[in-house]
Amino acid sequence: MDVEKIKVINDYLKEQLWMDFEICNMNGGKIEMFGFLDEAGEEKIKITFDRPYMVISTFCFTYEGNGDFISLVTGNDAVELNKKYDVNRGNQIFKLSGTNIDSNMYIIAKTIEVQIMN
């Protein structure tokens, strides 16, 4: 379930002081986002959003461990985003938190996958 995958991501990132993220691959089939501990380092986490509908995000951003990194948008917030962007049925709205940007980021997609690399 995606809720469990989101928990895995958030729990892993709580163990890190910070992480830089970059959207490295984006097409109609998937969005691949990688997390790095430094610019020259190897990927530490890979998050894949399957069959994306819409992306509202910068391509590079930093997360510094303040609250959850990713969450599912539900309730009135989901209704408002649906009204604004006409979200297709069957999609989920994922909210991302970045430290170095002022606005919320959203990825609307069917499902999410996570791979932690050590």
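A residue counts as buried when its relative accessible area is under 20%, and as exposed when that area is over 50%. These terms recur below. The model described here is predicted.

**The sheet**

Seven strands make up an open sheet, and their pairing is antiparallel. The order across the sheet is S4-S1-S2-S3-S7-S6-S5. Two strands sit at the edges: S4 (60-63) and S5 (70-72), each paired on one side only. Neighbouring strands are turned against each other by 40 degrees on average, with direction ignored.

How many bridges join S1 to S4? There are 4 bridges between strand S1 (residues 19-26) and S4, and the two run antiparallel. One residue pair can be named here: Asp20 has Thr62 in S4 as its bridge partner.

**Two helices on the sheet**

Helix H1 (residues 2-14) packs on the sheet. H1 touches S1, strand S3 (43-56), S4, S5, strand S6 (92-96) and strand S7 (105-116). The direction of H1 makes about 70 degrees with that of S7. Helix H2 (residues 75-85) also packs on the sheet, touching S3, S6 and S7. The direction of H2 makes about 55 degrees with that of S3.

The length of H1 can be checked. At 1.5 Å a residue, its 13 residues should span 18 Å, and the end C-alpha atoms are indeed 18 Å apart. Which residues of H1 are buried? They are Asp2, Ile6, Ile9, Asn10, Tyr12 and Leu13. These residues cover an arc of only 160 degrees around the axis, so they lie on the same side of H1. An α-helix has 3.6 residues a turn, so residues three or four places apart point the same way. On the other side of H1, the residues Glu4, Lys7 and Lys14 are exposed. The buried residues of H1 pack against S1, S3, S4, S5, S6 and S7.

**Aromatic pairs**

The structure holds 5 aromatic pairs. A pair of aromatic rings is described by the distance of the centres and the angle of the planes. Two of the pairs are set out here.

| Pair | Centre to centre | Angle between planes | Type |
|---|---|---|---|
| Phe49 and Phe94 | 5.4 Å | 65 degrees | edge-to-face |
| Tyr63 and Phe69 | 5.2 Å | 70 degrees | edge-to-face |

Why is the Phe49 and Phe94 pair edge-to-face? The planes of the two rings stand at 65 degrees, and planes over 60 degrees apart count as edge-to-face. Phe49 lies in strand S3 and Phe94 in strand S6, so this pair ties together parts that are 45 residues apart in sequence. Are these two residues buried or exposed? Phe49 has a relative accessible area of 0%, so Phe49 is buried. Phe94 also counts as buried, because its relative accessibility is 0%.

Tyr63 and Phe69 are buried as well. Ring pairs link both residues with Phe21 and Phe61 into a cluster.

**Around Ile23**

Where is Ile23? Ile23 has its place in strand S1. Its relative accessibility is 7%, so Ile23 counts as buried. Ile23 and Phe34 are 11 residues apart in sequence, and their C-alpha atoms are 6.5 Å apart in space. What does Ile23 contact, leaving aside neighbours within four places in sequence? Ile23 is in contact with Ile31, Glu32, Met33, Ser57, Thr58 and Phe59.

Note on methods: Residues are numbered from 1 along each chain as its sequence is written. This is a predicted model: local features need pLDDT of at least 70, side-chain atom pairs count only at pLDDT 80 or more; totals for chains, interfaces and linings use all residues. Side-chain values use heavy atoms; hydrogens and water are left out. Two strands pair if DSSP finds at least two bridges between them. Axes are lines fitted to C-alpha atoms, for helices over the stretch in contact, and angles run from 0 to 180 degrees between N-to-C directions. Contact means heavy atoms within 4.5 Å. Rings of Phe, Tyr and Trp (its six-membered ring) pair if their centres lie within 6.5 Å; planes under 30 degrees apart count as stacked, over 60 as edge-to-face and the rest as tilted. Buried means under 20% relative accessible area, exposed over 50%, partly exposed in between (1.4 Å probe, protein chains only). The expected span of a helix is 1.5 Å times one less than its number of residues. The arc is that of the directions from the helix axis to the C-beta atoms.
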